[in-house]
Amino acid sequence: MRNYQILVVEDDKEIQELIKQFLMTQNYIVETASDGLEGMRKFNKQSYDLILLDVMMPNLRGFEMAQMIRKQSNVPIIMLTALEEEQHQMKGFDIGIDDYITKPFSFHVLIRRVEAVLRRSYDQSTDNHLVFKEVHVDCDAYKVYVNEVEILLTTKEFEILQLLLQNEKKVLTRERIIEKAWGYEYCSETRIIDTHIKNIRKKLDIPYIKTVKGIGYKIDE
C-alpha cells in the first residue's frame, strides 16, 4: 500500500498537531508548516500527494498560496477554514481546489475527505481512453489533451469532464455530477458544479459542454 505524503499548512499549532497525529495514525507521511510562506518553501523543495491548507494565515493567506501552487502543479488541495460563506467556497473552487472543509470539523470526516480525494487523484486501476472531437482523455494517467496539447486540470475538473464524456449526449443533473464526482454526500450548493464547469470551459476552450437550463450539463456536438 502506498504511503501518501501530505503537507498540512495551518497556523494554529494545536490544530496543526492534532491533524498531523490523526493522519499519522492512518499511515500517512505528514509534514507541517505554520504559514503560507513556510508552506511554499516546503512545497518547492519536495513533492507531496495532497495539501491541507488553512485560509486565514499570517504572511501568505491560503487563497494566495493555492493560486501559486496551481500555476505549477495540479496536486490535490483541500482547504480548511472557518469561513463558511458561499462566496469564499466559490473563490476556492475558482482557484482550482479539490475540496473545502469548514471548521470545526470531525477528524473522521476529514479522513474520509482525504481518502476520497486521494483515491480519485491516484487510483489508476482503469486503463482506458475517451475521445470526443479534438479532446482526448487518458483516464489511466489522469491527463487531458486538446489537439494533442496537454491541458492541466485539477482532479475534480478532470473527474467532471470524464463523467460528461462517459455519458456523451446525456444530460447530467448537478446533483448527479456531485454524487459521482465527490463519491460521498456533499452538503453544499450545487452551484459548485457551475464553477467547475466554467473553469473546464475556460481551460479547454471548446464549445461542446452545453448548459441545459434548470437541469445540468451535457457534452454534445
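What follows is a chat about how some labels in this structure are earned.

Me: Before we start, what kind of model is this, and how are residues counted?
Reply: It's a predicted model, where local features need pLDDT of at least 70, side-chain atom pairs count only at pLDDT 80 or more, and totals for chains, interfaces and linings use all residues. Residues are numbered from 1 along each chain as its sequence is written, and side-chain values use heavy atoms, with hydrogens and water left out.

Me: Why are helix 2 and helix 3 called roughly parallel?
Reply: Helix 2 (residues 36-45) and helix 3 (residues 62-70) pack at an angle of about 20°. Angles under 35 degrees count as roughly parallel, over 145 as roughly antiparallel, 65 to 115 as roughly perpendicular and the rest as oblique. Helix 2 and helix 3 therefore get the label roughly parallel. Their axes are 10 Å apart. An axis here is a line fitted to C-alpha atoms, for helices over the stretch in contact, with angles running from 0 to 180 degrees between N-to-C directions. Helices themselves are DSSP runs (H or I, at least four residues), as are strands (E, at least two), numbered from the N terminus.

Me: Which residues make the contact between helix 2 and helix 3?
Reply: On helix 2 they're Gly 36, Gly 39, Met 40 and Phe 43, and on helix 3 they're Met 65, Met 68 and Ile 69. Contact means heavy atoms within 4.5 Å. Sorted by class, that contact has five nonpolar, two polar and no charged residues. The classes go like this: Ala, Val, Leu, Ile, Met, Phe, Trp, Tyr, Cys and Pro are nonpolar, Asp, Glu, Lys and Arg are charged, and the others, Gly among them, are polar.

Me: What makes helix 6 roughly perpendicular to helix 8?
Reply: The axes of helix 6 and helix 8 (residues 191-204) cross at roughly 85° and come within 10 Å. That crossing angle is why helix 6 counts as roughly perpendicular to helix 8. Among the residues in contact are Ile 160 and Leu 164 of helix 6, plus Ile 197 and Ile 200 of helix 8. The contact of helix 6 with helix 8 has seven nonpolar, two polar and three charged residues.

Me: How do you know that Lys 42 and Glu 38 form a salt bridge?
Reply: You check the gap: the closest N and O atoms of Lys 42 and Glu 38 are 3.9 Å apart. A salt bridge needs a side-chain nitrogen of Lys or Arg within 4 Å of a carboxyl oxygen of Asp or Glu, so this pair makes the cut. Both residues sit in helix 2, four residues apart, about one turn of the helix.

Me: Why is Lys 42 called partly exposed?
Reply: Buried means under 20% relative accessible area, exposed over 50%, and partly exposed in between (1.4 Å probe, protein chains only). Lys 42 has 22% relative accessibility, so it counts as partly exposed. Glu 38, at 23%, is partly exposed as well.

Me: What about Asp 54 and Lys 103, buried or exposed?
Reply: Asp 54 has a relative accessible area of 3%, so it's buried. Lys 103, with 18%, is buried too. Their side chains meet in a salt bridge (3.2 Å, N to O). Asp 54 lies in strand 3 (residues 50-54) and Lys 103 in the loop between strand 5 (99-102) and helix 5 (107-122), so the pair ties together parts that are 49 residues apart in sequence. Glu 10 joins Asp 54 and Lys 103 in a network of salt bridges. A search of the whole structure turns up 13 salt bridges.

Me: What makes the phi of Asn 27 worth a look?
Reply: Most residues other than glycine have a negative phi, and most peptide bonds are trans. Phi of Asn 27 is near 70°, a positive value in a residue that isn't glycine. Asn 27 sits in the loop between helix 1 (13-25) and strand 2 (29-33), and with 55% relative accessibility it counts as exposed. Lys 169 also isn't a glycine, yet it has a positive phi of about 70°. At 46% relative accessibility, Lys 169 is partly exposed.

Me: Which peptide bond is cis, with omega near -10°?
Reply: That's the bond from Lys 103 to Pro 104. Pro 104 lies in the loop between strand 5 and helix 5.
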